[in-house]
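Please look over the model below before reading on. The report takes up sheets, helices and a few unusual backbone spots.

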Amino acid sequence: MARVEMVMPKMGESIMEATILKWTKKIGDVIETDESILEIATDKVDSEVPSPSGGTLAEILFPEGAVVPVGTVIAVLETNATNNTASKTNTKPELTTNKEVISKIASSSDALQPVLTNLLLEKPQSGRFYSPLVMNIAKEEGISTDELDRIPGTGNEGRVTKKDILQYLELKKAGNLTGTNASTVPPVIQLDKPVNNTQKIVTESVATPVSTPKKSFSFNGNFEIIEMDRMRKVIAENMLYSKQTSPHVTSFVEADVTNLVLWREKNKSIFEKKYGEKLTFTPMFVEAVCKAIRDLPMVNISVDGDKIIVKKDINIGVAVALPTNNLIVPTLRRADKLNLAGLAASVNDLANRARINKLSFTDLEDGTFTISNVGTFGNVMGTPIIMQPQCAVLATGAIRKKPAVLETPTGDVIAIRHLMFLSHSYDHRVIDGALGGTFVRRVADYLEAWDINREV
């Protein structure tokens with residue numbers, strides 16, 4: 001019988017590891033090709049993993065709840081076929097000490113040479129993305145944000161990988177640090193106790209912990225304690241990370257969208273019959289945002305240390321509320337290349353798949369600017385938080401009928417108009433008030449200039 005290894009799949013360029021939520025099959029079960037074996041989760045989305053081959057599930061190498069790097073063997077299947085090249089020797093992960101884990105990484109043939117030759121960067125790489133696994137290790141080790149920002153990364157776009165941070169800890173313990181201010185980094189004592197290599201590598205700092213200790217609170221009265229689900233924990237971490245990374249500023253504009261509302265009301269039935277798609281306000285907002293970004297491309301950016309990355313593609317993230325009351329942000333890729341019908345179809349498709357948990361990992365990647373329609377919940381405005389590593393996000397408020405002053409050739413009059421607020425939050429490190437305010441005004445101008453006679 002042949003043995004076929006099943007590995008943790010690569011689920012997008014920025015996904016380095018995934019958490020095993022549930023094994024849907026047990027050892028000894030007969031499995032068909034492409035039949036789901038387990039459910040996994042990343043900081044972006046949950047997904048099912050299909051079997052690469054038919055056969056019998058012979059080994060499960062990681063338990064539920066384990067965080068596993070992509071490309072790691074997680075299970076072994078036995079098939080009736082005879083194929084000596086179909087598999088590699090597989091054993092369950094051995095228990096090793098922290099010291100052994102770090103030493104193996106540092107001495108392996110693919111050891112990360114940039115870390116060995118220049119351990120500390122001269123300038124902190126502020127705003128750099130860190131995976132949840134790296135952030136957890138840094139938190140356990142008492143590594144401050146400034147210290148983490150000075151560790152060279154060998155991952156995609158200079159990101160710090162698990163190997164980078166573990167090797168850094170080993171060399172820091174040995175006192176072999178090089179680079180600026182290396183002497184100020186506190187030494188550590190290595191805990192030599194068995195751990196599974198899917199668990200965190202824990203060390204203990206000699207110096208006073210850098211992180212601020214958590215405050216304890218007492219609660220009086222009648223209350224209920226609810227444990228956060230996995231997605232809520234990820235959202236909380238991402239929101240906190242964004243606020244700590246980007247100094248947020250929000251500019252507000254009130255827009256008269258009467259023509260847009262009247263045009264949609266007149267044409268939504270015609271639109272649905274012609275294209276088979278419901279026409280919501282969201283694709284109309286996306287169209288206006290894309291036009292404004294083409295006019296003012298310096299809001300379609302991200303930050304890498306002291307460099308500004310100007311994105312040529314306009315990929316719009318659209319926030320979608322889930323039945324669980326959590327939020328997810330799928331991406332409309334190259335949204336500026338789509339007409340209104342294409343935008344409507346893409347928005348509806350992403351929203352529908354988001355609500356039934358059928359988004360793919362690529363659906364959530366590469367966004368360059370985000371729109372959050374808080375008006376869906378009756379909110380007139382909001383102060384949205386930036387989706388890192390983006391630098392701006394727009395909240396669209398509820399459209400309400402209000403009295404407004406209109407200028408006419410015969411004088412000013414008061415009329416009932418459809419008005420809405422637009423709230424633009426942006427990273428003040430790289431987007432100043434002039435640009436941030438001009439941008440949201442430009443979006444409002446495009447919405448206000450909607451052609452009431454536009455053809456469907």
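Ser-53 counts as buried because its relative accessibility is 18%; buried means under 20% relative accessible area, exposed over 50% and partly exposed in between, with a 1.4 Å probe and protein chains only. The model is predicted: local features need pLDDT of at least 70, side-chain atom pairs count only at pLDDT 80 or more, and totals for chains, interfaces and linings use all residues. Residues are numbered from 1 along each chain as its sequence is written, and side-chain values use heavy atoms, with hydrogens and water left out.

**Around Ser-53**

Ser-53 sits in the loop between strand E5 (46-50) and strand E6. Helices (H or I, at least four residues) and strands (E, at least two) are DSSP runs, numbered from the N terminus. Which residues does Ser-53 touch, not counting residues up to four places away in sequence? They are Val-4, Ile-31, Glu-32, Thr-33, Leu-77 and Thr-79. Contact here means heavy atoms within 4.5 Å.

**Two open sheets**

One open sheet has 4 strands in the order E1-E8-E6-E3, with antiparallel pairing. Its edge strands are E1 (2-7) and E3 (30-31), and each pairs on one side only. Two strands pair if DSSP finds at least two bridges between them. E3 and E6 (residues 55-60) pair in the antiparallel sense over 2 bridges. Ile-31 has Gly-55 in E6 as its bridge partner. Ile-31 is also one of the residues that Ser-53 touches.

Another open sheet of 4 strands runs in the order E5-E4-E2-E7, again with antiparallel pairing. Here the edge strands are E5 and E7 (67-69), each pairing on one side only. From one strand to the next, the twist averages 45°. Angles run from 0 to 180 degrees between N-to-C directions, and axes are lines fitted to C-alpha atoms, for helices over the stretch in contact. E4 and E5 pair in the antiparallel sense over 5 bridges. Glu-39 stands opposite Glu-48 in E5.

**A hairpin**

Strand E14 (residues 301-304) and strand E15 (residues 307-310) pair in the antiparallel sense over 4 bridges. Val-303 stands opposite Ile-308 in E15. This hairpin has 2 residues between the strands, and Gly-305 takes a positive phi near 65°.

**Helices H5 and H8**

Helix H5 (residues 162-174) has 13 residues, which should span 18 Å at 1.5 Å a residue. Its end C-alpha atoms are 19 Å apart, which agrees. The expected span is 1.5 Å times one less than the number of residues. Buried residues in H5 include Ile-165, Leu-166, Tyr-168 and Leu-169. Asp-164, Glu-170 and Lys-172 are among the buried residues of H5 too. Just after H5, Gly-175 takes a positive phi of about 75°.

Helix H8 (residues 282-295) has 14 residues. From its first C-alpha to its last it reaches 20 Å, close to the 20 Å expected at 1.5 Å a residue. How many of the 14 residues of H8 are buried? The count is 11, and H8 is mostly covered. Among them are Met-284, Phe-285, Glu-287 and Cys-290.

**H7 against H9**

Two packed helices are described by the angle between their axes and the distance between the axes. The axes of helix H7 (residues 258-275) and helix H9 (residues 340-355) come within 12 Å and cross at roughly 75°. H7 and H9 are therefore roughly perpendicular to each other. Angles under 35 degrees count as roughly parallel, over 145 as roughly antiparallel, 65 to 115 as roughly perpendicular and the rest as oblique. Trp-263, Phe-271 and Tyr-275 in H7 meet Leu-340, Ala-341 and Ala-344 in H9. The residues of this contact divide into 6 nonpolar, no polar and no charged. Ala, Val, Leu, Ile, Met, Phe, Trp, Tyr, Cys and Pro count as nonpolar, Asp, Glu, Lys and Arg as charged, and the others, Gly among them, as polar.

**Backbone spots in loops**

Two residues other than glycine have a positive phi.

| Residue | Phi | Loop | Relative accessibility |
|---|---|---|---|
| Asp-34 | about 70° | between E3 and E4 (36-41) | 58%, exposed |
| Asn-325 | near 75° | between E17 (320-321) and E18 (327-328) | 68%, exposed |

A cis peptide bond joins Gln-388 and Pro-389, with omega about 5°. Pro-389 is in the loop between strand E20 (369-372) and strand E21 (392-396).
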